[in-house]
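Student: I have a protein structure to learn, and I would like to go through it by question and answer. Can we look at it together?

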Amino acid sequence: MSPAIFITLLLFIPVIFIFFIKGSRKTASRLPPGSLGFPMIGQSFSLLYAMKKNTAEKWIQERIRKCGPVSKLTLFGTPTVMIHGQAANKFLFTSDCNTLGNQQPASIMRILGSRTLFELSSDDHKRVRGALVSFLKPEVLKQYVGKMDLQVRMHLESHWQGKQKITVLPLMKTLTFNIVCSLLFGLDAGARRDKFVEHFKKMIGGMWSVPINLPFTRFNHSLTASSKVQSMILQLINEKRTASFQQTDHQGQQQDLITCLLNIKDKENNINNSAALTDQEIIDNVRLVMTAGYDTSSILLTFLIRLLANNPVVHASILKEQEEIANSKASRDELLTWEDLAKMKYTWRVAMETLRMIPPVFGGFRKALKDVEFGGYLIPKGWQIFWAASLTHMDETIFEEPSKFDPARFENQSSTIPPYCFVAFGGGPRMCPGYEFARLETLITIHHLVTRFTWKLSCSDDSFIRDPMPEPVRGLPIEIQTRQLE
Ligand code: HEM
């Protein structure tokens, strides 16, 4: 090597070295603060433990205090960025589907199927979601108020009337499951629905389990039950398809979700008048809707019943609103209507405030589909993003005195609550499509409960745990009395 080349290299090596160090430092310093922790495990156990102890909010607040609103950690074996605040919610709910994708634990995908809305993105997500929403939208659901009312009355006759002591949570789960079966699948009371609920409960039992498929694991039992649920839905699909062929005129007829999904045609690729959804997509999304609408609504109803036992002022105001509606009816047998539900404004504000303080869905996960920047930090492609809704709900800069129960916050929601701050139903293109359905179930049930019964808690400990959904300890046992009607 000539001395000239040698000297040039000698001069350049430090320059290249400095450039390399500076460059990599620049990238590294743009990663959020925090530590990824022990490989694979990271902070998963400590978060799960905090959830079980109902201290997850404190756990997250402590992280934010130490590392700020954007921090890195490892959750469930994946490098993760935890983001929090109004800007974080906006980023999460408005980023396009090529930037952020949905991310669910592997166990959920294996149990519910690979064609659910949770797993789909872009055009596939739009197509399947559009089909579900065509049934779940208010214009369609308004025809079903009477049918839902009948389900609630039947439930109260068999499980509340004449009883002195009941446990609320399992009963509310039975009620919401029966409503979903009747309205969405056209499956009314009987041996078949009993079998369905038996398999369904086993199926969801292992949704949050470690996905190890060995004969003795919870996950394995869940998978077995999931395939039984799949066979039952397939049988329903075949029956409804045959019935649809025989019935040519569907005008003015009440349908169920499965029939509606079978009849939606693929307008984009109109080949041979083909259906918009495959049978597998219908099966997987029926399983998703059953699951998504089961715990969430029953938990909201359970916490409303707990609130009404503890808060006589709210109880009196709800009773007044509901009695006015009941008294406007010619008889107690007359079913509620869509117009009646529109009058239940205070009751719905109480439900929203309950969801603010105890959101059934604690948060969620998304996945960075490409390198993306948030809050001045880099979130590398493939990392998951963890958001916790309840943090904006309890942020005193957004909700004054956040620990105070105050339904008046929802009086003029759009002007008093800043956007992306109340996110119990999520937001953006993945926002909960069951909002209206949940509203109907909640209002109709509360109407009948307060006008027909009084109750008090029979367990002095009315605290709750989150695993991952909030549940009152011992399922909320109560003592009930039937009200005397004038
Ligand atoms: C109080 C009741 C409910 C609450 C609080 C609730 C909350 C949520 C939340 C937070 C999400 C996630 C949104 C996101 O990832 O951005 C979601 C998604 C979903 N919910 Fe609900 N939900 C409720 C009731 C229901 C009901 C009754 C149904 C069905 C009849 C339902 C069906 C769904 C479905 C299918 C999704 C997935 C949407 C998608 O990925 O596009 N939910 N819900």
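Tutor: We start with the whole chain, then take the sheets, the ligand and some single residues.
This is a predicted model, in which local features need pLDDT of at least 70, side-chain atom pairs count only at pLDDT 80 or more, and totals for chains, interfaces and linings use all residues. Residues are numbered from 1 along each chain as its sequence is written.

Student: How many helices and strands does the chain have?

Tutor: Helices (H or I, at least four residues) and strands (E, at least two) are DSSP runs, numbered from the N terminus. By that rule, the chain has 20 helices and 12 strands.

Student: What percentage of the residues in the chain is buried?

Tutor: A residue is buried if 20 or more other C-beta atoms lie within 10 Å of its own, exposed if 12 or fewer, and partly exposed in between, with C-beta atoms placed from the backbone. The chain has 486 residues, and the buried share is 34%.

Student: What is the strand order in the open sheet of five strands?

Tutor: Strands of a sheet pair through backbone hydrogen bonds, either parallel or antiparallel. Here, two strands pair if DSSP finds at least two bridges between them. The five-strand sheet has mixed pairing, and its order is 1-2-8-5-3.

Student: Which are the edge strands of that sheet?

Tutor: An edge strand here pairs on one side only. That description fits strand 1 (70–75) and strand 3 (100–102).

Student: Which way do strand 1 and strand 2 run, parallel or antiparallel?

Tutor: Six bridges join strand 1 to strand 2. One position to find is L75, which stands opposite T78 in strand 2. The two strands run antiparallel.

Student: Which residue takes a positive phi in the hairpin of strand 1 and strand 2?

Tutor: This hairpin has two residues between the strands. The positive phi is near 50°, and the residue is F76.

Student: Which way do strand 2 and strand 8 run, parallel or antiparallel?

Tutor: Four bridges join strand 2 to strand 8. In strand 8, Q384 is the bridge partner of T80. Strand 2 and strand 8 run parallel.

Student: What is the bridge partner of L100 in strand 5?

Tutor: Strand 3 and strand 5 (residues 363–368) run antiparallel, joined by three bridges. Within strand 5, the partner of L100 is A368.

Student: At about what angle does helix 4 run to strand 8?

Tutor: Axes are lines fitted to C-alpha atoms, for helices over the stretch in contact, and angles run from 0 to 180 degrees between N-to-C directions. Two residues are in contact if their C-beta atoms, placed from the backbone, lie within 7 Å. Helix 4 (residues 86–94) lies across strand 2 (78–83), strand 3, strand 5 and strand 8 (384–388). Its angle to strand 8 is about 125°.

Student: What is the bridge partner of K456 in strand 12?

Tutor: Look at the open sheet of three strands, with order 4-12-9 and antiparallel pairing. Five bridges join strand 9 to strand 12. In strand 12, K456 has the partner E479.

Student: How many residues surround the ligand?

Tutor: A residue is near a molecule if its C-beta atom, placed from the backbone, lies within 6 Å of it. The closest are G293, T296, G426, C432 and G434. The number of residues around the ligand is 24.

Student: How many residues of the shell around the ligand are nonpolar?

Tutor: Ala, Val, Leu, Ile, Met, Phe, Trp, Tyr, Cys and Pro count as nonpolar, Asp, Glu, Lys and Arg as charged, and the others, Gly among them, as polar. The shell has six polar and two charged residues. The nonpolar residues number 16.

Student: Which residue does the UniProt annotation "binding site" cover?

Tutor: The annotation comes from an unreviewed entry. UniProt positions are given in the numbering used here, feature names are shortened, and annotations may be inferred rather than shown by experiment. The residue covered is C432.

Student: Why does C432 count as partly exposed?

Tutor: C432 is in the loop between helix 19 (413–416) and helix 20 (435–452). Not counting residues up to four places away in sequence, C432 touches F425 and G426. C432 counts as partly exposed because its C-beta neighbours inside 10 Å number 17.

Student: Is S122 buried or exposed?

Tutor: S122 is in helix 6 (residues 122–136). S122 is not a glycine, although its phi is positive, about 45°. With 11 C-beta neighbours inside 10 Å, S122 is exposed.
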